[in-house]
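Here is a short tutorial on reading sheets, strands and salt bridges. Have the sequence and the structure open side by side.

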Amino acid sequence: MVSYGPCGVLFMVLLFCLQDVDVLDDDTALELPEGESVVTTTAGDEQVVEKKAKQWAVQVDIDDKVLDEFHSRIPRMAHRWNFELDPFQKLALLHLHNQDNVFVAAHTSAGKTVIAEYAVALSRDHMTRTLYTSPIKALSNQKFRDFRLTFGTNNVGLLTGDVQINKEAPFLIMTTEILRSMLYTGSDVIRDVEWVIFDEVHYVNDAERGVVWEEVLIMLPDHVGIILLSATVPNAMEFADWVGRTKKKPVYVISTLKRPVPLRHFLYTGNSKQTSDQLFEIVTHENHFVTEGYQAALAAKKGRSTKLPGSQGSRAPPQFTNPKQDKNIWLSLIHALSKKDKLPVVAFTFSRKRCDDNADQLTSLDLTTSLEKSEIHVFFQHSIKLLKGTDQKLPQVTWMRELLKKGIAVHHSGILPIIKEVIELLFQKGLVKLLFATETFAMGVNMPARTVVFDSLQKHDGTQMRSLHSAEYIQMAGRAGRRGLDRTGTVIMLCKGDVTEASELHKMILASIYK
């Protein structure tokens, strides 16, 4: 039988307590499964090495000391702007200099494009390439125009299903599907790529197209840095952890809840004389729910419903409106917004046909001056010269020309690409005062308005009618408010039928999208 002295007993107790700890001498190499790191401590004369799971998603907090040292850490910036960068932008740039993978989650118009521009500038200095991917062609087209102004016509190319422009350029803008095809075919382009930028990366949650983002992220070579940009991600850390685990490289998550232009949210109940120009505020620019405003909207709607023909007592208003009622509601609202100087307006409508119908019903409106009409006409006629002679007389071209002269336009997937681009450019010039658009207009296209109107808070998702998710609402509402022009953005929900439940509005507008 073996006996132990006091020191031996103490040693055995320590060994028993540290069953999952390896005791190594200086010459011993520790072999760890992939995805684990080590923490080294000292126990007596021995070196103790503990196994610790690797953190694939790292939340980056705002550190004043790091921000104070920003210019000393990057003495020679690859690209400069004529404004002071926000804290989240500086943190992202520091990680790009370290060749880290980053995930930037910030509200619409917060300035995420700064990170993309800096990645392009870095690859330019390193004589490599950068690829920029987006989920929709409209966003790709707009970024192509914007980046050419920043980096020069010869340095930027565009690849979509419709067009290929300057495909040998060092900076290529494309849809995510095009990048997937390049990876499948082993394109030589990938060999020289330093960064891939994924804009609106929350599309990975899309039931039909999300697999495209998953496949691209999995297939990208290890030497390619990944930049993920998104305005609305409910599970940023979880997604970043998956990306980091897949690529075996940590992803640094940088997020900000600060909105450049605060939003005010209102209900609009109808077109009675008392409420035709009345907006009921339900959420302030400081994100406080206004119960009094909600109750006032309920009372206004109830008062309106009791005056309907054949109404009995406090009968609830009908859930659906007819085209004539729709027209009257829109006319009343646009007149009220025009008087309050709240134009231009983006009216999100979850049906292409409804977009067209709403625009057709409002041809009695005239929102442009004679000077603006002339500018619109000259620009439109110059643009459609790219079409063949007979195509210039297509019904849609003629229809849109007449709408645009009145400051009204429609933007959805059924509009001809060249006409859609004309609409986007005129909107950016401030010549489109009322734009009926489907949800895709909110996906990253940098075209903020003073006011956003929701035709409905219900949408058909391909399977059923349902209420908007908080992330969807916030994405679209974020188009309200123009940075540097508006102190606050105005968001209006039309109450054509019943006023939406307060609990549902609270969840939709104020639910945190970052967890």
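What follows is a dialogue between a learner and a teacher about this predicted model.

Q: How do I read a sheet, and in what order do the nine strands of the open sheet stand?
A: Start at one edge and walk across. Here the order is E4-E12-E5-E11-E10-E6-E9-E7-E8, and the pairing is mixed. Strand E4 (57-59) and strand E8 (164-165) are the edges. Each has a single partner strand, so one side of each is left without a neighbour in the sheet.

Q: Which helix packs on that sheet?
A: Helix H5, residues 113-125. Helix H5 touches strands E5 (101-106), E6 (129-134), E9, E10 (193-198) and E11 (225-230). The direction of H5 makes about 170° with that of E10.

Q: How do I check one strand pair, and in which sense do E7 and E9 run?
A: Look at the bridges. E7 (residues 156-159) and E9 (residues 171-175) run parallel, joined by four bridges. For a register mark, take Gly157: its bridge partner in E9 is Leu172.

Q: What is the strand order in the seven-stranded open sheet?
A: Read it as E14-E13-E21-E18-E15-E17-E16, again with mixed pairing. Strand E14 (280-283) and E16 are the edge strands, and each pairs on one side only. From one strand to the next, the twist averages 25°.

Q: Where do the side chains of a strand point, and which way do those of E17 go?
A: In a regular strand, side chains alternate between the two faces of the sheet. In E17 (residues 434-437), Leu434 and Phe436 point one way. Leu435 and Ala437 point the other way, and all of these are buried.

Q: What pairs with E17?
A: E15 pairs with E17 in the parallel sense over four bridges, with Val346 opposite Leu435. E16 (residues 408-411) also runs parallel to E17, again with four bridges. There, Ile408 has Leu434 as its bridge partner.

Q: How can residues far apart in sequence be linked, and what does Lys496 form a salt bridge with?
A: Look for charged pairs. Lys496 bridges to Asp326, with the closest N and O atoms 3.0 Å apart. Lys496 lies in the loop between E21 and helix H17 (502-510), and Asp326 in helix H11, so the pair ties together parts 170 residues apart in sequence. Lys496 is buried, at 11% relative accessible area. Asp326 is buried as well, at 5%.

Q: How many salt bridges does a search of the whole structure find?
A: It finds 27. Among them is Arg354 with Asp455, at 2.9 Å between the closest N and O atoms. Arg354 lies in helix H12 (residues 352-361) and Asp455 in the loop between E18 and strand E19 (458-460), so parts 101 residues apart in sequence are tied together. Arg354 is partly exposed at 30%, whereas Asp455 is buried at 5%.

Q: What does a salt bridge within one helix look like, and where do Glu402 and Lys405 lie?
A: Both lie in helix H14 (residues 395-405), three residues apart, about one turn of the helix. Their closest N and O atoms are 3.8 Å apart. Glu402 is partly exposed at 42%, and Lys405 is partly exposed at 24%.

Q: Which residues do salt bridges with shared partners join into one network?
A: Glu439, Lys459, Asp461, Arg466 and Glu472.

Q: Which residues make the nonpolar surface patch?
A: Tyr184, Ile218, Met219 and Trp242, over about 390 Å². Met219 belongs to helix H8 (residues 210-219) and is partly exposed, at 31%.

How values were computed. Residues numbered from 1 in each chain as written. Predicted model: local features only at pLDDT ≥ 70, side-chain atom pairs only at ≥ 80, totals over all residues. Heavy atoms only, no water. Pairing = 2+ DSSP bridges. Helix = DSSP H or I, 4+ residues; strand = E, 2+ residues; numbered from the N terminus. Contact = heavy atoms within 4.5 Å. Axes fitted to C-alpha atoms, helices over the stretch in contact; angles between N-to-C directions. Patch = residues over 30% accessible without salt bridge, like charges linked within 9 Å, V, L, I, M, F, W, Y side chains within 5 Å. Areas by Shrake-Rupley, 256 points an atom, 1.4 Å probe, with all protein chains shown as cover. Salt bridge = Lys/Arg side-chain N within 4 Å of Asp/Glu carboxyl O. Buried < 20%, exposed > 50% of the residue type's maximum accessible area, 1.4 Å probe, protein only.
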